[in-house]
Amino acid sequence: MTALLNIQDLAIGYNKNDLKHALTKGFTTSVFPGERIAIMGLNGCGKSTLLRSITGILPLLNGSIQINDKEIGQLTRRERAQIMATVFTSYNDPGQLTVNEMVTFGRYPYTNRFNKLSERDLLLIENTLEVAKIGHLRNRIVGELSDGERQKVMMAVAIAQDTPLLILDEPASHLDIRNKALMMNLIKNLGEEQQKTILFSTHDVGLTLKIASRVWLFHNKRINDYKIDEFKQGEHWKLMLEGLDADVVF
Amino acid sequence: MKSKIIFGSLIIALAVLFLTGLALGSVSIPLPSVVDYIFGNEIAHSHYAILNQIRLPRNLTAILSGAGLSLSGLLLQTLFRNPLAGPSVLGISSGSSLGVAVVLLAGGSMTGIAGTGSVVFGAIIGALIVVLLISAISLKFEDVTLVLIAGMMLGFLSSALVSILAFFSNSEQLKPFVHWGFGSFARLNEYQIPTLFFILVIAVIVTLFLYKPLNAFLPGEQFAGSVGINVQKSRIIIILLTGLLTGIITAFVGPVGFIGLAVPQVVKMVFKTNHHRVTIPGSLLFGAFIALACDIISRIPGQDYSLPLNAVTALFGAPVVLFVLFKSRFVKKVLS
């Protein structure tokens, strides 16, 4: 199987030309179709920075990230949006737009200037509304939804984009127990059945154990790369509790 | 379906208002004569002269300017994700005023073809300078709110320079400038109206090509980027387009306030959507309608004098803006 994502000697951070203060450096790995990678670590360790670097929003300090053997920086916005879909936690009220109109944005990377939708586009939008279980909300105004409903809508936009790679920043952070279960099933199915690659950041160890196939754990400015079984058995997540009493948490 | 009915009634209302605008003024002309005039039938010579040389051009100017200013306002409100954005808020109108002030107060005249040409030139240059500064700032800084505030400050700077220029000029020079500043749809000649029409058509075409970026900007620029929109490029095109459109309209009719700010808000409120499939045609139509209505009111039918246009648009616009703001989620969010 060929890798979807090749990361070489990656260094990330916010200060250009300042390798000394990089959040992490020297990270090299390959990611394959169907993998579901949980990115974990303490606040400020660089989870979001890593996601932003992979999406091409943030310039790399060093190294390279290639998707399908193409450097991300070389892709046009449209090409990039056909390869990866992103859902970030920061969110702006879009005002009076319906859920249906919002999910339609997911087809923007494929449609012409006037957004003429093909049969296939319409079918995909329809499927997405069903898969994300938001069909009953389709004519509701996005700005008037609850946090959880809104998060499902943003996820639906990414699914409608129908990309081989999905990047999710804390996908279950606002969700109640029912919607969280729904989201976990969704992510797992996208990976297992549709062979989509999913990178998601999370603080939720339970979520990681349930749906991830692999974990990138930030620790002491390094990214430790674990298969999910290693991660389970070694209780590596306890690295994040260094110097604290684990019993306090549980 | 419902929006189709609103669009239909709006077009009919605009046609009725257009006829009313031809009929009413210091001399009122009976409606049958107006209808005869429209269909090219013979009417009284004095009426023909008034309709052909005064009221028809004035009506057309009001419609074109209102549509153009509202379109500008809509684009700016989408770009800045802020219901308070508009050509006058961003300092573009003030930039035009400064350009016109420099031309008029440096001894240029409002009359004659050379005079009009230099006023137009001044207004466009003034608007473009502000717009280019705003573009430069928006390239440097990501945050649109910051760009909005920078635009307001540029507006204050231009206004300050205008008052200094005004202070050092004599009343002879000042009078045409003050008059221009009141705003009026009445003084355009047979070359300026086609120019205005041409610019508006170009602006509408460019806006249609911005259809996807505009919609994708509604949930924010980061979102637009994630669905494949070239954010930086779209942003610059929107800013340049609104600058040119506002600059030219302002040169011709003066710094008419509130239309660009209030009309898009009325449209979003009436149609209950922010989607540009509706708000682009909605703003054009409502803008034309409201500008024409304001102009007819400013004529005070039956009287020999007329009110400053800017006073009438403010009387309409300020309450609308207040009403919309108090109703909107924007305020709920700021106050909560």
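These legends go with several close-up views of a predicted two-chain model.

In this predicted model, local features need a pLDDT of at least 70, side-chain atom pairs count only at pLDDT 80 or more, and totals for chains, interfaces and linings use all residues. Residues are numbered from 1 along each chain as its sequence is written, while chains are lettered from A and ligands numbered from 1 in the order in which they are written.

**View 1. Confidence in chains A and B.** pLDDT is the predictor's confidence in each residue, from 0 to 100. The mean for chain A is 90, and 97% of its residues reach 70 or more. Chain B averages 87, with 94% of the residues scoring at least 70. Helices (H or I, at least four residues) and strands (E, at least two) are DSSP runs, numbered from the N terminus. Among the elements of chain A, helix H3 (residues 99-104) has the highest mean, 97, and helix H9 (residues 246-249) the lowest, 58. In chain B, the highest value is 97, in H9(B), and the lowest is a mean of 49, in helix H15 (residues 329-335). For the complex, the predictor gives an ipTM of 0.91 and a pTM of 0.91.

**View 2. Where chain B touches chain A.** Two residues are in contact if their C-beta atoms, placed from the backbone, lie within 7 Å. By that rule, 21 residues of chain B are in contact with 23 residues of chain A. On the chain B side, the elements giving two or more residues are helix H9 (211-217) and helix H10 (221-226). This side of chain B holds seven nonpolar, nine polar and five charged residues. Here Ala, Val, Leu, Ile, Met, Phe, Trp, Tyr, Cys and Pro count as nonpolar, Asp, Glu, Lys and Arg as charged, and the others, Gly among them, as polar.

**View 3. Two crossing helices in chain B.** Helix H3 (residues 45-79) and helix H12 (residues 259-271) of chain B pack at an angle of about 75°. Their axes are 7 Å apart. Axes are lines fitted to C-alpha atoms, for helices over the stretch in contact, and angles run from 0 to 180 degrees between N-to-C directions. H3(B) and H12(B) are therefore roughly perpendicular. (Angles under 35 degrees count as roughly parallel, over 145 as roughly antiparallel, 65 to 115 as roughly perpendicular and the rest as oblique.) H3(B) contributes residues including Gly66(B), Leu69(B) and Gly73(B) to the contact. From H12(B) come, among them, Ile259(B), Val263(B) and Pro264(B). The contact residues divide into six nonpolar, six polar and no charged.

**View 4. The four-stranded sheet of chain A.** Two strands pair if DSSP finds at least two bridges between them. Four strands form an open, antiparallel sheet in the order E2-E1-E4-E5. Strand E2 (24-31) and strand E5 (70-71) stand at the edges with a single partner strand each, so one side of each has no neighbour in the sheet. Strand E1 (residues 5-12) joins strand E4 (residues 62-67) through five bridges. Ile7(A) stands opposite Ile65(A), and Ala11(A) has Asn62(A) as its bridge partner.

**View 5. The hairpin of E4 and E5 in chain A.** E4(A) and E5(A) pair in the antiparallel sense over two bridges. Ile67(A) has Lys70(A) as its bridge partner. Two residues lie between the strands of this hairpin. Asn68(A), in the loop between E4 and E5, has a positive phi of about 45° although it is not a glycine. Most residues other than glycine have a negative phi. Asn68(A) is partly exposed, with 14 other C-beta atoms within 10 Å. (Buried means 20 or more other C-beta atoms within 10 Å, exposed means 12 or fewer, and partly exposed is in between; C-beta atoms are placed from the backbone.)

**View 6. The six-stranded sheet of chain A.** Six strands form an open sheet with mixed pairing, in the order E6-E7-E8-E3-E9-E10. Strand E6 (84-87) and strand E10 (222-227) are the edge strands. Neighbouring strands are turned by 15° against each other on average, direction ignored. Strand E3 (residues 36-40) and strand E9 (residues 214-219) run parallel over four bridges. Met40(A) stands opposite Leu217(A). Helix H1 (residues 47-54) of chain A lies across E3, E7, E8 and E9, at about 145° to E8(A).

**View 7. Leu104 in chain B.** Leu104(B) is found in helix H4 (residues 92-105) of chain B. Leu104(B) is buried, with 26 other C-beta atoms within 10 Å. Phe177(B) is 73 residues from Leu104(B) in sequence and 6.6 Å away in space, C-alpha to C-alpha.
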